[in-house]
Amino acid sequence: PVDMGVENQNVSAGPSGDMSFLVDKESQESDFTFEIKEFHDGGVRAPVDKGDILGEIVVSYRGQEYGRVGLTAN
């Protein structure tokens, strides 16, 4: 949600980049976890511009954190 937004009441976000790493060929989808961490609990304050950093995605594989990717406003 966008606090004090005029045109839009919500803003969408997407990853700011790519991440790659090697895993075992026997890996299952359940071996991966993706945690979204919002930097602004309950919403962001207007104005929100394209590219503003809103949070991050924490990528883990079998319980071990492999990296983080920023979430930016679309």
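Which side chain meets that of Glu65 in a salt bridge? In this predicted model, the partner turns out to be Arg68, at 2.9 Å from N to O. Glu65 counts as partly exposed, since its relative accessibility is 41%. Arg68 lands in that class too, with a relative accessible area of 42%.

Arg68 has another partner to deal with. Its side chain also meets that of Glu56 in a salt bridge, this one at 2.4 Å from N to O. Here the link ties together distant parts of the chain, with Glu56 in strand 5, Arg68 in strand 6, and their positions 12 residues apart. Glu56 is a buried residue, because 16% relative accessibility falls under the 20% cut-off.

Glu56 sits in well-covered surroundings: strand 5 spans residues 53-61, and 8 of its 9 residues are buried. Strand 5 has a neighbour in strand 3 (residues 32-38), joined to it by 7 bridges in an antiparallel arrangement. In that pairing, Lys37 stands opposite Glu56. Strand 5 also runs antiparallel to strand 6, this time with 8 bridges. There, Glu56 faces Gly70, while Ser60 has Glu65 as its bridge partner.

Now for the turn. Strand 5 and strand 6 form a hairpin with 2 residues between the strands, and Arg62 in that hairpin takes a positive phi near 50°. The side chain of Arg62 is busy as well, meeting that of Asp31 in a salt bridge at 3.3 Å, N to O. This pair bridges distant stretches of the chain: Arg62 belongs to the loop between strand 5 and strand 6, Asp31 to the loop between strand 2 and strand 3, and they lie 31 residues apart. Arg62 is partly exposed, at 45% relative accessibility, whereas Asp31 is buried, at 17%. In total, the structure holds 4 salt bridges.

Further along strand 6, which covers residues 64-73, comes Thr72. Strand 6 is joined there to strand 2 (residues 13-15) by 3 bridges, and the two run antiparallel. Gly14 is the residue standing opposite Thr72. Is Thr72 buried or exposed? Its relative accessibility is 15%, so Thr72 counts as buried. Leaving aside residues up to four places away in sequence, Thr72 touches a stretch that includes Ser12, Ala13, Gly14, Pro15 and Ser16, and also Gly51, Asp52, Ile53 and Leu54.

Note on methods:
Residues numbered from 1 in each chain as written. Predicted model: local features only at pLDDT ≥ 70, side-chain atom pairs only at ≥ 80, totals over all residues. Heavy atoms only, no water. Helix = DSSP H or I, 4+ residues; strand = E, 2+ residues; numbered from the N terminus. Buried < 20%, exposed > 50% of the residue type's maximum accessible area, 1.4 Å probe, protein only. Contact = heavy atoms within 4.5 Å. Pairing = 2+ DSSP bridges.
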